[in-house]
Amino acid sequence: MEKFVPRLIAWEITRSCNLNCIHCRAASSKGPYKNELTTEEIFRIMEEIKEVGSPIIILTGGEPLLRPDVFDIAKKAVELGFKPVLATNGTLINKEIAEKIKDSGIARVSISLDGASAEAHDNFRGVPGAFEGAMKGILTLKEAKIPVQINTTVTAVNVNELPKIHELAKNIGAIAHHIFVLVPVGRGKELQKGALTPEEYEKILNWFYDQREKSGLQLKATCAPMYYRILRQRAKVEGKKVTFETFGLDAVTRGCLAGTGFCFISHVGIVQTCGYLELPCGDLRKQTFKEIWENSEIFNNLRDFSKYKGKCGRCEYIRVCGGCRARAYYATGDYLEEEPLCTYEPRKSNKN
């Protein structure tokens, strides 16, 4: 039987945030939010995670730098053999914070840029000065020699900014550019009006594939499992084998990792398959991480590809793509249904 271990955990260590982004999954605001996990609870849960695996732990929010013990949490993660990374909007980073980030053992910092100019980014982020703050944060991290990754959520609002953001990421010395296809939850539901079509997303993901060899950045498409089908289709046409040597991590990862190699922990200790599929799979104040990871019905359903429905259920790319389970859920009410943004018609007529 295939063994599933957590490779990535996104941990919402606080829901409080200093921005007001139009796409926000959690519809975060300044808070404070009641009942957030204490430092001691977070340390205990980390020790429980160690029983199951040694994943990369993404310290996220809200805005994780609003949590006073964020660096203690990072140090504990390192002590336990995890690789902590920080997902921030960048606006709170100054020289002192950058030094604390470095000293705590945080391996990489991701900063979101959803526009290549102040006007575009600030419009997306809902706060004037967000772009200037993010850029200052990036430059401060660069001076401290901390690796920076740029994240971009692609929507109808900012799709024309994407090539410019990509160039900006290169020019400012980022090591990676990760794009995210919008999942319509939280405030992101409002962006469904006039949303990009599946065909438009297909075109964007093909453009992203084209950047691979000329970009010089590590590229990753997140919440875009279709990309891993497109990559294989394009590679076949180009006569390339998809191996770790030729395509790096893209060759060995799966499109949707929700519940298979990835999970999300909320600010109050609720475990979900990902941050966008808001179905509780367990409560870390009542159960151990191991119990939830191994026994959650939702997790186990997602690991059984024979249960997937619609096009996804009969698709030859099920193991490398899998379709976004959160978008399937919000489109149909069933997280095992087909991915609504996929244009591909599977060749197979029978289920896997």
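This short presentation goes through the main sheet, one helix packed among its neighbours, some unusual backbone geometry and an internal cavity.

Good morning, colleagues. Please keep in mind throughout that the structure before you is a predicted model.

I begin with the sheet. Ten strands form an open sheet with mixed pairing, and their order is S7-S6-S5-S4-S3-S2-S1-S8-S9-S10. At the edges stand strand S7, residues 218–222, and strand S10, residues 282–283, each of which pairs on one side only.

Within that order, let us look at strand S1, residues 8–12. On one side, S1 runs parallel to strand S2, residues 56–60, and five bridges join the two. Ala10 stands opposite Ile58 of S2 in this pairing. S1 also pairs with strand S8, residues 262–265, again in the parallel sense, over four bridges. There, Trp11 has Ile265 of S8 as its bridge partner. Is S1 largely enclosed or open to the outside? It is largely enclosed by the rest of the structure, because four of its five residues are buried.

Further along the sheet we come to strands S4 and S5. S4 covers residues 109–112 and S5 covers residues 148–154; the two run parallel and are joined by four bridges. One pair to find on the screen is Ser112, which stands opposite Asn151 in S5. Helix H5, residues 130–143, packs on the sheet here and touches both S4 and S5. The direction of H5 makes about 160 degrees with that of S4.

I turn now to helix H2, residues 70–79, where Ala74 has its place. Which residues of H2 are buried? They are Val70, Phe71, Ile73, Ala74, Lys76 and Ala77. A lysine, Lys76, is thus listed with the buried residues of this helix. As background, an α-helix has 3.6 residues a turn, so residues three or four places apart point the same way. The buried residues of H2 pack against four elements: helix H1 (39–50), S2, strand S3 (83–88) and helix H3 (95–104).

Ala74 deserves a closer look. It counts as buried because its relative accessibility is 0%, where the cut-off for buried is under 20%. Leaving aside residues up to four places away in sequence, Ala74 touches Leu59, Pro84, Ser104 and Ile106. For a sense of distance, Ala74 and Glu199 are 125 residues apart in sequence, and their C-alpha atoms lie 41 Å apart in space.

The next topic is backbone geometry. Most residues other than glycine have a negative phi, and most peptide bonds are trans. Against that background, several places merit your attention. The peptide bond from Gly61 to Gly62 is cis, with omega near 25 degrees. Gly62 belongs to the loop between S2 and H2. Just after H2, Gly81 takes a positive phi of about 90 degrees.

Two residues that are not glycine also have positive phi values. Lys145 has a phi of about 60 degrees and sits in the loop between H5 and S5. Cys223 has a phi near 55 degrees and is found in the loop between S7 and helix H9 (226–237). Which of these is buried, and which is exposed? Lys145 is exposed, because its relative accessible area is 69%, whereas Cys223 is buried, with a value of 15%.

Thr222 brings us back to strand S7. This threonine counts as buried because its relative accessibility is 17%. Apart from residues up to four places away in sequence, Thr222 touches His178, Ile179, Phe180 and Val181.

Finally, I come to enclosed space. Rolling a probe the size of a water molecule over the atoms shows where empty space is left. How many cavities of 30 Å³ or more are counted? The count comes to one. About 120 Å³ of space lies in the largest cavity. Its lining is made up of 14 residues, and those closest to its centre are Cys312, Cys315, Cys321, Gly323 and Cys342. By class, this lining has eight nonpolar, two polar and four charged residues.

To close, I would suggest three places to keep on the screen during discussion: S1, paired in parallel with S2 and with S8; the buried residues of H2, packed against H1, S2, S3 and H3; and the cavity, with Cys312 among the residues closest to its centre. Thank you for your attention.

Notes
Residues numbered from 1 in each chain as written. Predicted model: local features only at pLDDT ≥ 70, side-chain atom pairs only at ≥ 80, totals over all residues. Heavy atoms only, no water. 1 Å grid on protein atoms, 1.4 Å probe; cavity = no way out; pocket = protein on both sides within 12 Å on 5 of 7 lines; lining within 4 Å. Points joined across faces, edges and corners; volume = space filled by probe spheres on them. Nonpolar A, V, L, I, M, F, W, Y, C, P; charged D, E, K, R; others polar. Pairing = 2+ DSSP bridges. Contact = heavy atoms within 4.5 Å. Axes fitted to C-alpha atoms, helices over the stretch in contact; angles between N-to-C directions. Buried < 20%, exposed > 50% of the residue type's maximum accessible area, 1.4 Å probe, protein only.
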